[in-house]
Amino acid sequence: MKIMKPLLNRLLQNLDRKKNMAYLKVNYKELENTANAIENYIKKHRQEMSAIDGTIISLESTYSGTDYNQLTKQWNDMNSKDSTSECMLNALDNYAQNLKYASSKYKEAQKNAVDRASRL
């Protein structure tokens, strides 16, 4: 996200400075919809992981021994903050935040263009 903001700001500044340029049409609602879909996926994924966690914990009353210990160790590795799953969710969350930021900047640029056009 830190990298995207300066790049988008520069892009918008450059677009603003050019008078005889081709038009760039961006549907900012699609960016917002995509960000929302990603956030919904993250939420569902976390709910599924939580449900699995609850199931594994409840197995302890009927399932014990080295097999259960191995299962819980592997599950804890899969569910840890350093896991591939968690890294993927963090990357998706960053992507959704970048999409929202880009959407807000394009929305702002569109409003500014309409305001300037109405003053002509």
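Okay, let's start with Glu86, which sits in helix 4. One thing up front: this is a predicted model, so keep that in mind as I go through it.

So, is Glu86 buried or exposed? With a relative accessibility of 11%, Glu86 counts as buried, because the cut-off for buried is under 20%. And what does Glu86 touch, once you leave aside its neighbours within four places in sequence? You get Arg46, Ser80 and Lys81. If you have the structure open, click on Glu86 and you can find those contacts with Arg46, Ser80 and Lys81 for yourselves.

Now let's zoom out to the chain. It has four helices and zero strands, so reading from the N terminus you just get α-α-α-α. There are 120 residues, and 21% of them count as buried; Glu86 is a buried one, as I said. The accessible surface is about 9300 Å², and carbon and sulfur atoms make up 54% of that.

What about contacts along the chain? Take the ones with a separation of 6 or more: 79% of them are between residues 24 or more positions apart.

Next, the helix pairs. Helix 4 covers residues 84-119, and it packs against helix 2 at an angle of about 160 degrees, with the two axes 8 Å apart. Helix 2 and helix 4 are therefore roughly antiparallel to each other, and their crossing is left-handed. Which classes of residue make up that contact? For helix 2 with helix 4 we have 15 nonpolar, eight polar and seven charged residues.

The other pair I want to show is helix 2, residues 28-59, with helix 3, residues 66-78. Here the axes come within 11 Å and cross at roughly 160 degrees, which makes helix 2 roughly antiparallel to helix 3. The crossing of helix 2 and helix 3 is left-handed.

Who's making that contact? On the helix 2 side, it's Met49, Ile52, Asp53, Ile56, Ile57 and Leu59. On the helix 3 side, you've got Tyr68, Leu71, Thr72, Trp75 and Met78. Sorted by class, the contact of helix 2 with helix 3 has nine nonpolar residues, plus one polar and one charged.

So, to wrap up: four helices, no strands, helix 2 roughly antiparallel to helix 4 and also roughly antiparallel to helix 3, and a buried Glu86 in helix 4. That's what I have for today.

How values were computed:
Residues are numbered from 1 along each chain as its sequence is written. This is a predicted model: local features need pLDDT of at least 70, side-chain atom pairs count only at pLDDT 80 or more; totals for chains, interfaces and linings use all residues. Side-chain values use heavy atoms; hydrogens and water are left out. Axes are lines fitted to C-alpha atoms, for helices over the stretch in contact, and angles run from 0 to 180 degrees between N-to-C directions. Helices (H or I, at least four residues) and strands (E, at least two) are DSSP runs, numbered from the N terminus. Angles under 35 degrees count as roughly parallel, over 145 as roughly antiparallel, 65 to 115 as roughly perpendicular and the rest as oblique. A crossing is left-handed if the near helix is turned anticlockwise from the far one by less than a right angle, and right-handed if clockwise. Contact means heavy atoms within 4.5 Å. Ala, Val, Leu, Ile, Met, Phe, Trp, Tyr, Cys and Pro count as nonpolar, Asp, Glu, Lys and Arg as charged, and the others, Gly among them, as polar. Buried means under 20% relative accessible area, exposed over 50%, partly exposed in between (1.4 Å probe, protein chains only). Accessible areas come from the Shrake-Rupley method with a 1.4 Å probe; for residues, only the protein chains shown count as cover.
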